[in-house]
Amino acid sequence: MTDAIIVDDLTVRFGSLTAINGLSLAIRYGEIHALIGPNGAGKSTLLDVICGVTRPTSGGVRLDHEVELGRTREAGIAALGLFRKFQKPSVFDALTVFENATLGSGHGRWRRPSEAEAERAMATLTRVGLAGRAGVLAGELAHGEKQWLEIAMVVAAAPKVLMLDEPVAGLSDEERDRTASLVRELSAPDCAIVVVEHDMDFVAKIADRVTVLHEGSALFEGSMDKVRADQRVIDVYLGR
């Protein structure tokens, strides 16, 4: 598989606090890569660097081995095809589900979509199981449906790198299973998916590869079965 994101000896400090400490890893196209670890391990900070929200203290993060994301503005990173879905859904409650989906094409504000854009939006809603709710105001959706709608908004933008930050927080068991199936279905050869999550059963269902972060560094990397069997991971995270 081809590398999408290369994290090279990355360090991020906030004053005296070291959030990421000499981290190196690769995120590949066609792969679902999960980042797990205790709170404060550096997972969200890494996504912040990839998205242009936080600047590295040293080291770097590159897209396609060429674009240095640590020197690229946040808006420019979105234009490169890197999109992040946060834990709390941020849909537009006063717009319909369909109108929200068309925003994912990059309009920034809603306008009447072209025929091609409308078809793409409906196709995306079909993928996430919300086509039948297209005319409903987003504010009327259940929490899980809002999560799926925001995923649809991001997918409609045809991302090269899709970052999902705790996508099943607050969901029921049934909604978690459905979200796991959805994330697996979104996997594609031209898209890298990065998932930050604390639900280990969910991670086991979706992840091709798992990196365990601890105190800003990579403690272990491998399949979820190997992660669960590693004594260091058990000691600092899974056994707690």
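## A walk from Thr102 outward

Thr102 is buried, with a relative accessible area of 0%. The model is a predicted one. Thr102 sits in helix α3, which spans residues 97-103. Its side chain has a polar partner in the backbone: a polar side-chain atom of Thr102 lies 2.7 Å from the backbone oxygen of Glu99. Thr102 counts as buried because its relative accessible area, 0%, falls under the 20% cut-off.

Now step back to the whole chain. The chain holds 9 helices and 10 strands. Its radius of gyration is 18 Å, close to the 18 Å that the globule rule gives for 240 residues, so the chain is as compact as a globular protein of that length. Along the principal axes, the C-alpha atoms fill a box of roughly 50 × 40 × 35 Å.

How much of the chain is buried? Of its 240 residues, 53% count as buried. The accessible surface comes to about 10,900 Å². Carbon and sulfur atoms account for 48% of that surface. Sequence separation tells another part of the story. Take the contacts between residues at least 6 apart in sequence: 66% of them join residues at least 24 apart. Charge comes next. The chain carries 27 positive and 34 negative charges, and the mean positions of the two sets are 4 Å apart.

Turn to strand β1, residues 3-14. Phe14 lies in this strand. Is Phe14 buried, partly exposed or exposed? Phe14 counts as partly exposed because its relative accessibility is 42%, between the 20% and 50% cut-offs. Leaving aside residues up to four places away in sequence, Phe14 touches Ala19, Thr45 and Thr54. Phe14 also pairs a sequence gap with a spatial distance: Thr57 is 43 residues away in sequence, and the two C-alpha atoms are 8.8 Å apart.

One of those contacts leads to helix α1. Phe14 touches Thr45, and Thr45 is one of the buried residues of α1. The helix covers residues 43-51 and is mostly covered itself, with 8 of its 9 residues buried. Which residues are these? They are Lys43, Thr45, Leu46, Leu47, Asp48, Val49, Ile50 and Cys51. The list includes Lys43 and Asp48 alongside Leu46, Leu47, Val49 and Ile50. Gly52 follows α1, and its phi is positive, near 85°.

Notes: Residues numbered from 1 in each chain as written. Predicted model: local features only at pLDDT ≥ 70, side-chain atom pairs only at ≥ 80, totals over all residues. Heavy atoms only, no water. Helix = DSSP H or I, 4+ residues; strand = E, 2+ residues; numbered from the N terminus. Rg over C-alpha atoms; globule rule 2.2 N^0.38 Å. Buried < 20%, exposed > 50% of the residue type's maximum accessible area, 1.4 Å probe, protein only. Contact = heavy atoms within 4.5 Å. Areas by Shrake-Rupley, 256 points an atom, 1.4 Å probe, with all protein chains shown as cover. Lys, Arg positive; Asp, Glu negative; His and termini not counted. Charge placed at Lys NZ, Arg CZ, Asp CG, Glu CD. Polar contact = N/O pair within 3.5 Å; in protein donor to acceptor, adjacent residues only side chain to side chain.
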